[in-house]
Amino acid sequence: MTQTQIVQCVPNISEGRRLDVVEKIVDQVRQTEGVQLLDYSSDHDHNRTVITYVGNLASVQEASFRLTQEAVRLINMEEHQGAHPRIGAVDVIPFIPIEGLTMKECVEGATALAKRINRELQVPTYLYGEAATKTARKNLSTIRKGNYEGLKGSIQEEARHPDFGEPKMHETAGATVVGARMPLVAFNVNLGTSKKEIADIIARNVRERNGGFKNVKGMGVALEERGEVQVSMNLEDYQSTPIYRVLETIRREAARYGVPVVGTELIGLVPQQALLDVANWYLQLEGFDSNQVLENRLR
């Protein structure tokens, strides 16, 4: 019997306001045989949409290419504004091994997709995460340094040359990053204040590169429509740094400024175990086992 092959892919596109455009791009995933669309979420302030789908490696590669092709056609980075770091119409395409294949196979699939995007769409592409060809590029933020505007001015520098393509940006679509990684949790904490500097300070205190939690990236974002600010994070290893630990630290940091946590949000999908860890900690359960969850026992 052939083992089922499941790859998760979570492209981030630089459009979260024109929802008609988002639908046209997401339709490319819907129309690809062998792929199941699981979720997509748009954010106005970030001006970004996160799309999640699964399938076998070949089908996920095809859906990702079609999605990119449509985004290149419909998104003009010269007109794009948003709070989230980005370098292109399709900012990042991560391949995530779930079942029936190795990380090495995801790396090979991501690399092949990056080559095809450059060859057929003339968009320069970079490899990151486990697919990175340079140690510094394992970290996505290294590639995105300076955002679209900064990369546009420095892509001709040798250290910033793309992995595939000439060292020049696509005239409207910028550049794209493709790679492979393990599952992460995109987790945001909203604060009851309009002072973005408070979110900036707290983000700096919890993220790894400033001495905070291991495998945590974060930044402050102004949610102008809501009159709030946000600590926006990626928890790249929820087992070593669980959600509840980061949340409680942010709550305490915010209390220093007399600011409450008014809500949190998950972007895209999250491993069940990450939420069970939160429930276990907050409920102070003794001897809890995941098989006590009815649906798990039924499975």
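# Notebook: contacts, helices and rings in a predicted model

**Entry 1. Threonine 176.** I began with a single side chain: that of threonine 176 reaches the backbone oxygen of valine 90 at 2.9 Å. The model I am reading is a predicted one. I placed threonine 176 in strand 7, which covers residues 176-180. I then asked whether threonine 176 is buried or exposed. Its relative accessible area is 2%, and it is therefore buried, since the limit for that word is under 20%. Setting aside residues up to four places away in sequence, I listed what threonine 176 touches: Ile87, Val90, Asp91, Ile93, Val123, Pro124, Thr125 and Tyr126. I also looked up valine 107, which is 69 residues from threonine 176 in sequence and 16 Å from it in space, C-alpha to C-alpha.

**Entry 2. Glutamine 230.** I turned next to glutamine 230, in strand 10 (residues 228-235). Glutamine 230 has a relative accessible area of 1% and is buried. Which side chains are joined to that of glutamine 230 by a polar contact? I found histidine 46, at 3.1 Å, and glutamate 265, at 3.0 Å. Both residues recur in the list of contacts of glutamine 230, which leaves out neighbours within four places in sequence and also includes Asn188, Val189, Asn190, Ala199, Met219, Gly220, Val221 and Leu223.

**Entry 3. The cysteines.** How many disulfides does the model contain? I recorded a count of 0. Cysteine 9 is in no disulfide, and the nearest cysteine sulfur to its own, that of cysteine 106, is 9.1 Å away. A disulfide requires two sulfur atoms within 2.5 Å, so a separation of 9.1 Å does not qualify. From the other side, cysteine 106 is likewise in no disulfide, with the sulfur of cysteine 9 as its nearest at 9.1 Å. I noted that cysteine 9 is buried, at a relative accessible area of 0%, and that cysteine 106 is buried with a value of 0%.

**Entry 4. Helix 2.** I checked the length of helix 2, residues 57-74. At 1.5 Å a residue, its 18 residues should span 26 Å, and the end C-alpha atoms are 26 Å apart, so the two values agree. Helix 2 is mostly covered, with 13 of its 18 residues buried. At its start, I found a side-chain oxygen of asparagine 56 within 3.3 Å of the backbone nitrogen of alanine 58. I also noted a charge over a ring: arginine 116 lies over the face of phenylalanine 65, at 3.7 Å from the ring centre.

**Entry 5. Helix 7.** Helix 7 has 13 residues and reaches 18 Å from its first C-alpha to its last, close to the 18 Å expected. Which residues of helix 7 are buried? I listed Ile243, Tyr244, Val246, Leu247, Ile250, Glu253 and Ala254. An α-helix has 3.6 residues a turn, so residues three or four places apart point the same way. I then looked up what covers the buried residues of helix 7, and found that the cover includes strand 8, helix 6, strand 9, strand 10, strand 11 and helix 8.

**Entry 6. Aromatic pairs.** A pair of aromatic rings is described by the distance of the centres and the angle of the planes. I counted 2 aromatic pairs. Tyrosine 244 and tryptophan 281 are stacked, at 4.7 Å centre to centre with 10° between the planes. Because tyrosine 244 lies in helix 7 and tryptophan 281 in helix 8, this pair ties together parts that are 37 residues apart in sequence. Tyrosine 244 counts as buried at 13% relative accessibility, whereas tryptophan 281 counts as partly exposed at 40%. Tryptophan 281 also pairs with tyrosine 282, edge-to-face, at 4.9 Å and 90° between the planes. Tyrosine 282 is partly exposed, with a value of 34%. I therefore recorded Tyr244, Trp281 and Tyr282 as one aromatic cluster.

**Entry 7. Backbone angles.** Most residues other than glycine have a negative phi. I looked up two residues that are not glycine and have a positive phi: asparagine 147, at about 60°, and glutamine 284, at about 55°. Asparagine 147 lies in helix 5 (residues 147-154) and is partly exposed, with a relative accessible area of 26%. Glutamine 284 is found in the loop between helix 8 and helix 9, and counts as exposed at 66% relative accessibility.

Conventions
Residues are numbered from 1 along each chain as its sequence is written. This is a predicted model: local features need pLDDT of at least 70, side-chain atom pairs count only at pLDDT 80 or more; totals for chains, interfaces and linings use all residues. Side-chain values use heavy atoms; hydrogens and water are left out. Buried means under 20% relative accessible area, exposed over 50%, partly exposed in between (1.4 Å probe, protein chains only). Rings of Phe, Tyr and Trp (its six-membered ring) pair if their centres lie within 6.5 Å; planes under 30 degrees apart count as stacked, over 60 as edge-to-face and the rest as tilted. Helices (H or I, at least four residues) and strands (E, at least two) are DSSP runs, numbered from the N terminus. A charge sits over a ring if NZ of Lys or CZ of Arg is within 6 Å of the ring centre and within 35 degrees of the ring normal. The expected span of a helix is 1.5 Å times one less than its number of residues. A polar contact is a pair of N or O atoms within 3.5 Å; within protein, one must be able to donate a hydrogen and the other to accept it, and residues adjacent in sequence count only if both atoms are side-chain atoms. Contact means heavy atoms within 4.5 Å.
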